[in-house]
Amino acid sequence: MVEFCTFTNDVEEVNEDNISSMNHNKSWGDSLPTNVKGSTIRVVYQNVNRSISASDNSHTNTLLDNPNRMEADIFMASETNVNWKSAPNRNDFKQKVSKVWP
């Protein structure tokens with residue numbers, strides 16, 4: 001089962017207010033099932049298209065909180081504008097992620 005999210009317009013972003021009303025699997029009319037741990041691997045992909053950081057900022061916090069609420073097992077983000085070859089960048093972000101997804 002592949003799950004994806006669709007938005008009502010091209011400029012809409014995932015946030016706390018719209019995450020629950022997002023139309024998942026629109027082409028099949030299925031809603032996003034809950035409590036599927038152990039029987040489903042849920043993969044979430046988002047093209048961030050902006051810088052993310054380990055510092056406390058609302059965009060990065062929302063970026064991490066929403067997949068957690070969606071019960072994602074794997075989260076992929078592209079176009080993060082971060083130099084992942086830098087050990088401090090990787091380690092700082094890893095610490096931030098581990099606070100959201102222990």
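Helices and strands are taken here as DSSP runs, with H or I over at least four residues for a helix and E over at least two for a strand, and they are numbered from the N terminus. With that in hand, Glu71 can be placed in the loop between α1 and β4, and I will come back to this residue later.

First, a word on what we are looking at. This is a predicted model, in which local features need pLDDT of at least 70 and side-chain atom pairs count only at pLDDT 80 or more, while totals for chains, interfaces and linings use all residues. Residues are numbered from 1 along each chain as its sequence is written, and side-chain values use heavy atoms, with hydrogens and water left out.

Let me begin with the chain as a whole. There are two helices and four strands, and if you read along the sequence you meet them in the pattern β-β-β-α-β-α. I will call a residue buried when its relative accessible area is under 20%, exposed when it is over 50%, and partly exposed in between, using a 1.4 Å probe and protein chains only. Of the 102 residues in the chain, 26% are buried.

Now to the salt bridge, by which I mean a side-chain nitrogen of Lys or Arg within 4 Å of a carboxyl oxygen of Asp or Glu. How many salt bridges does the structure hold? It holds one, and the side chains that meet in it are those of Glu71 and Arg42, at 3.9 Å from N to O. This pair links distant parts of the chain, since Glu71 sits in the loop between α1 and β4 and Arg42 in the loop between β2 and β3, 29 residues apart. Is each partner buried or exposed, or something in between? Arg42 counts as buried because its relative accessibility is 3%, whereas Glu71, at 23%, counts as partly exposed.

Glu71 has a second feature that you can look for in the backbone, namely a phi near 60°, which is a positive value in a residue other than glycine. Glu79 also has a positive phi, in this case near 55°, and Glu79 is found in the loop between β4 and α2. With a relative accessibility of 45%, Glu79 counts as partly exposed.

Let us turn to the surface, where Ile41, Val43, Tyr45, Ile74 and Met76 form a nonpolar patch with about 470 Å² of accessible area together. The elements that give two or more residues to this patch are β3, residues 43–47, and β4, residues 74–78. As for the terms, patches are made of residues with over 30% relative accessible area and no salt bridge, where like charges are joined within 9 Å and nonpolar side chains (Val, Leu, Ile, Met, Phe, Trp, Tyr) within 5 Å. The areas come from the Shrake-Rupley method with a 1.4 Å probe, and for residues only the protein chains shown count as cover. Ile74, one of the patch residues, lies in strand β4 and is partly exposed, with a relative accessible area of 39%.

From the surface we move to a pocket. Rolling a probe the size of a water molecule over the atoms shows where empty space is left. On a 1 Å grid over the protein atoms alone, a pocket is an open set of points where a 1.4 Å probe fits, with protein on both sides within 12 Å along at least five of seven lines, and lining residues have an atom within 4 Å of a point. The second largest pocket holds about 180 Å³ of space, a volume being the space filled by probe spheres set on the points, which are joined across faces, edges and corners. Its lining includes Ile52, Leu63, Phe75, Trp84 and Trp101, and the elements that give two or more residues to this lining are α1 (58–69), β4 and α2 (87–100). Which element gives the most? That is β4, with three residues. The lining divides into ten nonpolar residues, one polar and no charged, where Ala, Val, Leu, Ile, Met, Phe, Trp, Tyr, Cys and Pro count as nonpolar, Asp, Glu, Lys and Arg as charged, and the others, Gly among them, as polar.

Finally, here are two residues to find in the helices. Thr60 is in helix α1 and counts as buried, at 0% relative accessibility. Lys96 lies in helix α2 and is buried, with a relative accessible area of 12%; its C-alpha atom is separated by 9.1 Å from that of Asn61, 35 residues apart along the chain.
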